Amino acid sequence: MDTNPEKPSPAQPDPERPTAGTDAVARQLSRRRFLSLAAGGGALGAVLAALGPSAWLSVWDAAAAAEAKRSSSTSSSKAALGSQTGRTLVLLTLYGGNDGLNTVIPYENPAYAAARGPLAIDPTTVLPLGDGYGLHPSMPKLAALFKDSKLAIVQGVGFADPNYSHFESMDIWQTAVPSDPSGTGWLGRWLDATNSSPLRALNIGPVVPTALVGNRIQAAAIAPGPLVLPGTRGDQALYRELAATSSHMGTLQMEAAESCADLLEVDRTLGPVLDRDAGSTSAEASAGALAIANGGGQSSSGNVLATQLSVVANLILAEAPSEVYSVQLGGFDTHADQLPTQQTLLGDLDSAVSAFLDSISTTRRGRDTVVLVYTEFGRRLAGNASAGTDHGWANVAFVAGHSVKGGFFGDAPSLTDLSEGNMIYTTDFRSVYATVLEQVIGVAPSRLLDGKFPQLAFV
Amino acid sequence: MAHDLTTQLAQLYRRLAFGASASELQRALGAGYAATAAALVAGLSQPDPGADTIATPAFMTPPADPAVLRSDPVARRQLQQQLSAERAELMGWWIARMVASTNPAREKLTLLLHAHFPTGISKVRYALYMYGQNQIFRTQGAGDFAALTQAVSTDPAMLIWLDAASDEASDPNENFARELMERFTMGIGSYTQADVRAAAYCFTGWRFNRRTGQFSIAPRQHSDAPQVFLGQSGINAGNQVIDLVTHSAASYRFIPSSFWSLLAAPTTPSSQVVSDLAPGYAADRSIANLLQAIVIHPDFLSTSTGDGLIKQPVEYVVGALRALGIPAGAAATSVRPLVTVLAEMGQVPFDPPSVGGWGQNTYWLSTAAALVRWKFADQVAREGDISVVADSAPAARLEAAGQLLSIPNWSATTASVLRRAPDPATMVALALVAPEYVSN
């Protein structure tokens with residue numbers, strides 16, 4: 001899952017791999033320490049001498065590139081927050097490994113019913129999409145979006161040499177570095193490389209997923225509900241001083257201080273919108289936070305994803321400066337009794353995403369918002385004897401939005417040409433990311449991904 | 001840099017307990033570091049009169065056959081309501097135990113084991129089962145890790161959580177077999193997918209009695225076929241699998257690495273410190289001895305270990321309540337429901353987000369969590385007993401706040417801010433959100 005332990009890895013950074021290779025060194029440095037070092041040449045020189053220059057090249061390159069980019073546009077930091085494409089990304093993570101085969105269902109393929117047996121969805125209830133595929137019956141609104149060409153379905157997404165682990169697979173998806181998924185998130189690297197405010201990406205819920213964690217910058221996070229700082233103005237001024245990092249602190253203490261500084265920035269920028277839009281009572285907000293902290297899923301009361309997305313919708317409608325939002329839904333690890341669990345979860349996904357897109361259709365910013373839905377792996381073709389499915393390989397991803405070019409992308413994996421009983425991926429998941437980076441975020445994918453990946457035409 | 005004894009002892013108490021009171025620290029200074037460490041570890045197998053003042057709630061016995069409820073919506077709703085109430089009681093009970101504990105290392109180890117074997121009531125549903133697992137951590141956690149793993153694996157909570165209890169011989173699900181090796185005992189890379197399949201067959205037919213919790217193996221659902229597992233042939237029983245994984249060379253490095261990461265600073269099984277700890281652990285697999293070896297290892301008191309951890313939300317909340325003398329029950333009414341506070345920080349005890357449990361360190365450092373910490377700090381500082389600070393002369397308050405919160409040394413930045421706090425309560429509130437206190 002999205003654990004992000006500080007790994008004091010002594011591994012030698014590889015200058016050939018700018019996006020991931022700096023991790024070992026740069027993780028030992030926090031954002032403000034780096035910035036203050038970069039500002040004072042003497043101190044930086046000392047660190048460079050200690051670490052070896054190759055470690056620094058890419059970090060330095062990224063910061064310099066960001067600086068160049070900033071000075072070539074307008075000089076205010078507000079402008080640096082402005083999206084390059086005018087588009088907004090909502091990253092929707094399904095935790096547990098959603099069974100894509102029972103989500104986008106090859107219901108006309110006899111191999112499907114044969115392999116799935118009692119877990120096969122009744123073909124008469126499947127919502128047909130064409131080409132022999134149909135959506136799970138609990139997803140009528142996404143089926144309508146597909147017909148409306150506002151939903152792209154990427155088939156056969158995955159990566160080589162999968163190993164069935166939730167954690168490693170999710171780390172691979174979130175770092176986009178299958179060979180070493182212990183480093184920064186793919187969007188965290190974007191925050192780093194553009195020297196962004198943490199607010200440029202915003203997680204709804206208390207724990208920021210690795211995807212949005214860079215070496216120097218971690219995306220901001222908010223809970224649903226109003227944002228009210230405690231204490232008097234005087235207390236808050238003291239808190240602000242406390243949040244100033246000191247070179248005498250260790251790295252983690254410095255990161256703790258930075259999270260406080262970032263909170264003040266969140267409050268300054270988003271506080272007014274969040275307070276105005278907090279329609280729910282504080283009790284409702286607490287219940288929402290509780291459910292979100294629990295990862296949503298079976299235990300939660302109500303649709304936690306809808307709660308998160310309603311916060312995002314309000315921020316988008318208010319023209320908040322964030323360009324990437326992150327929301328999540330858990331509970332997809334259906335080793336046993338899969339049918340009722342998945343039905344509930346996919347129903348929540350269907351209603352939350354469709355309501356979200358409806359609510360933001362009134363503004364240009366909203367119409368230019370793109371939702372990417374992914375999960376760590378697909379599940380095995382054959383069901384198990386517990387009326388569930390085990391961890392598998394290839395899967396589907398969804399891209400939804402008013403400006404999305406809907407339809408099927410990627411090749412559907414074969415149901416007969418299997419490996420260890422698993423469907424084999426046809427589309428590297430980084431093709432999805434490359435498309436999103438270039439077309440939605442407006443940054444060259446080669447700077448953030450380890451390799452070149454063909455883009456898909458879904459935006 | 002060698003720390004002075006006060007600093008060393010404060011760190012020992014923060015890591016192996018929930019911080020030290022002024023009197024505990026005073027006594028420890030007399031006893032010295034080694035004796036204090038030994039006494040804290042000895043507490044792992046001793047009673048806890050403080051925690052035992054918290055009444056254990058009576059949890060319902062699960063219905064023998066929940067299927068009958070499917071046709072009875074009224075009974076089903078009643079059951080839901082009761083389960084939801086019991087869930088809150090269970091969480092409140094454990095938090096209250098940690099706050100009231102007079103033998104806090106034992107509750108701390110229980111918490112660390114919950115992080116190691118994360119299991120969630122969201123799927124297990126019945127508080128009684130979660131309570132049962134929690135008692136295993138508390139009463140058997142300090143002993144032989146192999147025996148502990150056998151006990152946890154055959155207990156209802158884990159059998160439900162990782163679907164072993166629905167496993168059948170024909171085509172076993174791999175959930176428990178995989179997580180047993182990946183998360184609980186050996187670490188990724190020390191086994192193959194074929195090992196996972198083989199182990200899954202060995203765990204088929206594992207069942208328990210829903211009312212008594214008694215473990216059994218259903219012969220007709222159990223696959224007797226001999227498997228090759230970790231290179232050993234003829235393996236066909238789940239307890240053999242657990243025996244092999246807990247006695248493996250990989251486990252002898254994985255477990256010391258895991259506990260070092262929980263108590264000292266993140267590390268990997270290949271590190272030097274793990275090489276130092278592994279032989280001792282391999283000799284007896286005793287968690288008590290492992291914890292002892294960790295806290296007396298020279299690296300434990302190094303500067304980097306001193307900045308090696310961020311407090312988990314449970315540690316943060318429990319530590320603050322203990323320091324300020326606020327019983328959990330009182331905090332729930334005068335501050336806010338503690339489970340809500342913890343949920344807003346991202347950590348609900350008994351309900352980890354997934355089989356992976358919680359992350360560590362920067363995982364807890366979001367801006368959302370920072371706000372919740374600050375609000376909580378502000379409330380408890382005004383609610384709690386801060387007389388040691390308030391009664392001190394203004395010039396001595398900074399040191400008193402450090403004593404109250406087990407932080408002997410404030411940075412120059414923090415010290416300067418705290419000295420300018422308008423009143424003692426604000427000083428304590430700010431101290432509670434200072435980087436020195438947020439880290440552990």
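The following exchange concerns a predicted model with chains A and B.

Modeller: Because the model is predicted, local features need pLDDT of at least 70 and side-chain atom pairs count only at pLDDT 80 or more, whereas totals for chains, interfaces and linings use all residues. Residues are numbered from 1 along each chain as its sequence is written, and chains are lettered from A and ligands numbered from 1 in the order in which they are written.

Colleague: How many residues does each chain bring to the contact of chain A with chain B, and which helix of chain A supplies the largest share?

Modeller: Two residues are in contact if their C-beta atoms, placed from the backbone, lie within 7 Å. On that basis chain A gives 70 residues and chain B gives 64 residues. Helices and strands are DSSP runs numbered from the N terminus (helices H or I, at least four residues; strands E, at least two). H9, S7, H11, H12 and H13 of chain A each supply at least two residues of the side touching chain B, and the largest share, eleven residues, comes from H12(A).

Colleague: How does the side of chain A that touches chain B divide by residue class?

Modeller: Ala, Val, Leu, Ile, Met, Phe, Trp, Tyr, Cys and Pro count as nonpolar, Asp, Glu, Lys and Arg as charged, and the others, Gly among them, as polar. The division is 31 nonpolar, 28 polar and eleven charged.

Colleague: What percentage of the residues of chain A count as buried?

Modeller: A residue is buried if 20 or more other C-beta atoms lie within 10 Å of its own, exposed if 12 or fewer, and partly exposed in between, with C-beta atoms placed from the backbone. Chain A has 17 helices and 14 strands. Of its 459 residues, the buried portion is 58%.

Colleague: Which residues of chain A does Leu430(B) touch?

Modeller: Leu430(B) is one of the buried residues of H24(B), a helix in which nine of ten residues are buried. Leu430(B) is also among the residues with the most contacts inside the largest nonpolar core, which has 274 residues; such a core is a set of buried Ala, Val, Leu, Ile, Met, Phe, Trp, Tyr and Cys residues joined through C-beta atoms within 7 Å. Not counting residues up to four places away in sequence, Leu430(B) touches Val417(B), Leu418(B) and Ala421(B), and in chain A Leu238(A), Tyr239(A) and Leu242(A).

Colleague: How are H7(B) and H8(B) oriented?

Modeller: Axes are lines fitted to C-alpha atoms, for helices over the stretch in contact, and angles run from 0 to 180 degrees between N-to-C directions. The axes of H7(B) and H8(B) are 10 Å apart at an angle of about 165°. Angles under 35 degrees count as roughly parallel, over 145 as roughly antiparallel, 65 to 115 as roughly perpendicular and the rest as oblique. H7(B) and H8(B) are therefore roughly antiparallel.

Colleague: How are H1(B) and H3(B) oriented?

Modeller: Their axes come within 10 Å and cross at roughly 10°. H1(B) and H3(B) are therefore roughly parallel.

Colleague: How are H17(B) and H19(B) oriented, and which residues of H19(B) take part in their contact?

Modeller: These helices pack at an angle of about 140°, with axes 9 Å apart, and are therefore oblique to each other. From H17(B), Pro313(B), Val314(B) and Val317(B) take part; they meet, in H19(B), Leu338(B), Val341(B), Leu342(B) and Met345(B).
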